[in-house]
Amino acid sequence: MLSYISGELGAYFRRDQIFAKVIFDENFTFAEHTTYGLGGRARGAFYPRNLPEARAVYDRLTEEGENFVVLAQGSNILAADGGYDGYVICTKKLQGIARINSNTIFCLSGTPVGRILQYCRLNGLGGLEYLAGIPASIGGIACMNGGAGGVYINSNVLSVKLYNGKDYNLSNKNCNYGYKHSTMRDINSLIFGVFLSVLTDLPSNVASRIEQNLRRRSSLPAGRSCGCVFKNPVDKTTGGRVSAGAIIEECGLKGFGSERAFVSPQHCNFIINRGATAREVCNLIEKVKALVERRCAITLEEEVVYIGNFD
């Protein structure tokens, strides 16, 4: 019994030593860490650089009952002007890629898409080129089931390494992937990394497909945004997905808004921030939803994730 207690105390002592080494930013603002460039302060942000540090941060915040959110590139986030009454676990420094076998790579959750594709190009690994140009980390994409051109990350995910007080791997099947959704959105856990399937190919072929996808995305609206604001709704007749941007345009809302926050004339599922507040952007999202409901009898659902209080 005494040896057990001694071992348990030793584990806590080691964890506290690790926790003390984690980079902490007490001046964290969402405006500086989201693609929208909006949002107030959090109580602070932790930047784990490896899995022991990530475990230590998660355990400490959980045990002390602290509110926290996980953030990486902040590409689908709208944070409130008043900030967030809690902490941020920022995975930007939790990066790394490992070749597991000829058809599998493992990427730590904070690894940006661009870095993964560079690795794939150099090593002749195909199958992920559709992600080119998405300003996100692999953890965020795996959580949201992100993708482009009708292809989503669930087609490549073998399993996701999670932590909720203990390590475990969630298989693709148990991720319960759906449109812009996964199990990870519904459970309180930290994504450590993702095992991805890849295909051996010539580096030149991989590079060519990456360039093709980058050219395709170059026509997307410039300016500060979160990417697509709304999910593509289901067509009640066909059961397929229809473009939310096309619906918004059909409702006559191209360019709708103000000089500070407006529906992009290039792609109506983008709302551009040009000096607005988060509240102004949120108000515009609500107005667009209401007008589409009134004019087309279609209820749009946000893809953007809200952080903080918008009441």
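In the predicted model, the protein carries 34 positive and 28 negative side chains, and 5 Å separates the centres of these two sets. The accessible surface amounts to about 14900 Å², and carbon and sulfur atoms contribute 50% of that area. Of the 311 residues, 47% are classed as buried.

The secondary structure of the protein comprises 7 helices and 17 strands. With a radius of gyration of 21 Å, close to the 19 Å given by the globule rule for 311 residues, the protein is as compact as a globular protein of that length. Along the principal axes, the C-alpha atoms occupy a box of roughly 70 × 50 × 35 Å. Among contacts in the protein with a separation of 6 or more, 63% join residues that are 24 or more positions apart.

The largest nonpolar core contains 32 residues, of which Ile105, Leu128, Ile153, Val160, Met184 and Leu196 touch the most other members. At least two residues of this core come from each of strand E7 (104–108), helix H3 (113–123), helix H4, strand E11 (157–163), strand E13 (190–197) and helix H5 (203–217). A further core of 28 residues lies apart from the largest one, and Ile247, Cys268, Val281 and Phe310 are among its members. Within the 32-residue core, Leu128 is one of the residues touching the most other members. When residues up to four places away in sequence are set aside, Leu128 is in contact with Ile105, Ile116, Leu117, Cys120, Ile153, Asn156, Leu196 and Val198.

Strand E7 also holds Thr104. This threonine has a relative accessible area of 11% and is therefore buried, the limit for that class being under 20%. Beyond residues up to four places away in sequence, Thr104 touches Ala98, Arg99, Leu158, Phe195, Leu196 and Val198. Leu196 and Val198 thus recur, as both also appear among the contacts of Leu128.

Gly146 occupies the loop that runs from helix H4 (138–144) to strand E9 (147–148). Its relative accessibility is 12%, so Gly146 counts as buried. Outside its neighbours within four places in sequence, Gly146 makes contact with Ile141, Tyr152 and Ile153; Ile153 is one of the core residues that touch the most other members. Between the C-alpha atoms of Gly146 and Phe270, which are 124 residues apart along the chain, the separation is 16 Å.

The loop between strand E12 (167–171) and E13 includes Thr183, as well as Asn176 and Lys180. Thr183 is buried because its relative accessibility is 14%. Not counting residues up to four places away in sequence, Thr183 touches Leu170, Asn174, Cys175 and Asn176. Leu170 lies 13 residues from Thr183 along the chain, and their C-alpha atoms are 9.2 Å apart. Although neither is a glycine, Asn176 has a positive phi of about 50° and Lys180 has a positive phi of about 55°. The exposure of these two residues is as follows: Asn176 is exposed, with a relative accessible area of 52%, whereas Lys180 counts as buried at 10% relative accessibility.

Technical notes: Residues are numbered from 1 along each chain as its sequence is written. This is a predicted model: local features need pLDDT of at least 70, side-chain atom pairs count only at pLDDT 80 or more; totals for chains, interfaces and linings use all residues. Side-chain values use heavy atoms; hydrogens and water are left out. Helices (H or I, at least four residues) and strands (E, at least two) are DSSP runs, numbered from the N terminus. The radius of gyration is taken over C-alpha atoms; the globule rule is 2.2 Å times the number of residues to the power 0.38. Buried means under 20% relative accessible area, exposed over 50%, partly exposed in between (1.4 Å probe, protein chains only). Contact means heavy atoms within 4.5 Å. Accessible areas come from the Shrake-Rupley method with a 1.4 Å probe; for residues, only the protein chains shown count as cover. Lys and Arg count as positive and Asp and Glu as negative; His and the chain ends are not counted. The place of a charge is taken as NZ of Lys, CZ of Arg, CG of Asp or CD of Glu. A nonpolar core is a set of buried Ala, Val, Leu, Ile, Met, Phe, Trp, Tyr and Cys residues joined through side-chain atoms within 4.5 Å.
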